[in-house]
Amino acid sequence: LVGSEMCIRDRSYTQTQIAKYVPGNVFHLVSRHMYLRALGLPHRPVALATLFELVSLPIAALCAISVLLPFADVTYIASWDRRFSNLLPILGALSLTVGAIVLSYRGQQRFFWPIAIVLTRATIFMLFQGLIFALVLQMSSSEFVLVALPIAIFAWLIGFITPGAPGGVAVREALLVKILAIAALQEDILIAAILFRLVTSAGDLAVYGFGRAFIVKTPARDTLD
């Protein structure tokens, strides 16, 4: 039964993640819910899992930005106001507060470590995603700009919370070009943004293909029952 549950979980992710491109962003969460409900899983735990995912990803993005931005040279950010630096502690405190609320959900100890692990993994993923863009920008402009890491995470976050945008396409790229206008030539930033999009899209396609090829099909409804 445990093996079957793992196959259901893995396949539900690999087969529905692509839905954020077609029909559009956030719809992959809806399609994942429908996928699991069609297998007979109860509505409530599936809905709670989706809710936790919706909450944990932005929290992880904000935590990653809060960690990175104090070490970045903000002079590379177009139209940066020094007063924005005063918002960093507030941003960090807000992230930690929301994270604490999520961790203390219902006050049940059994929720603490699973949610803590999820937030830690998601934060590491955000940091890694920002690093990929910074390296891509270095390839296109011969400049490694540390501030590109938090800005890439911020652009992803805005794209994520924009319903209907296919995987945040255009939203993320426009923000990267606008915010990092001083870090490098706009042409280099645009090339880096497009390459970054190709890398992340290729990753999603690879995950989808891996699920189709190597993860066995989920058992029928009566097997789960």
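**Close-ups of an all-helix model**

**View 1. The largest nonpolar core.** In this predicted model, the largest nonpolar core is built from 38 residues. Met126, Phe133, Val147, Leu176 and Leu180 are the ones with the most contacts inside that core. Five elements each give two or more residues to it: α3 (43-68), α5 (112-141), α6 (148-160), α7 (171-179) and α8 (186-214). Which helix gives the largest share of this core? That's α6, with nine residues. As a general point, nonpolar side chains tend to be buried together in soluble globular proteins.

**View 2. Phenylalanine 214, out on helix α8.** Here's a residue to zoom in on: phenylalanine 214 sits in helix α8, one of the helices that feed the core shown in View 1. Is phenylalanine 214 buried or exposed? Its relative accessible area is 61%, and the cut-off for exposed is over 50%, so this residue counts as exposed. Now look for arginine 11, which is 203 residues away from phenylalanine 214 along the chain. In space, the C-alpha atoms of these two residues are just 9.6 Å apart.

**View 3. Stepping back to the whole chain.** Count the helices and you'll get nine, with zero strands, so to speak a plain run of α-α-α-α-α-α-α-α-α along the sequence. The protein has 225 residues, and 41% of them count as buried. Take the contacts between residues at least 6 apart in sequence: 71% of those join residues at least 24 apart. As for the outside, the accessible surface adds up to about 12400 Å², and carbon and sulfur atoms account for 71% of that area.

Note on methods
Residues numbered from 1 in each chain as written. Predicted model: local features only at pLDDT ≥ 70, side-chain atom pairs only at ≥ 80, totals over all residues. Heavy atoms only, no water. Core = buried A, V, L, I, M, F, W, Y, C linked by side-chain atoms within 4.5 Å. Buried < 20%, exposed > 50% of the residue type's maximum accessible area, 1.4 Å probe, protein only. Helix = DSSP H or I, 4+ residues; strand = E, 2+ residues; numbered from the N terminus. Contact = heavy atoms within 4.5 Å. Areas by Shrake-Rupley, 256 points an atom, 1.4 Å probe, with all protein chains shown as cover.
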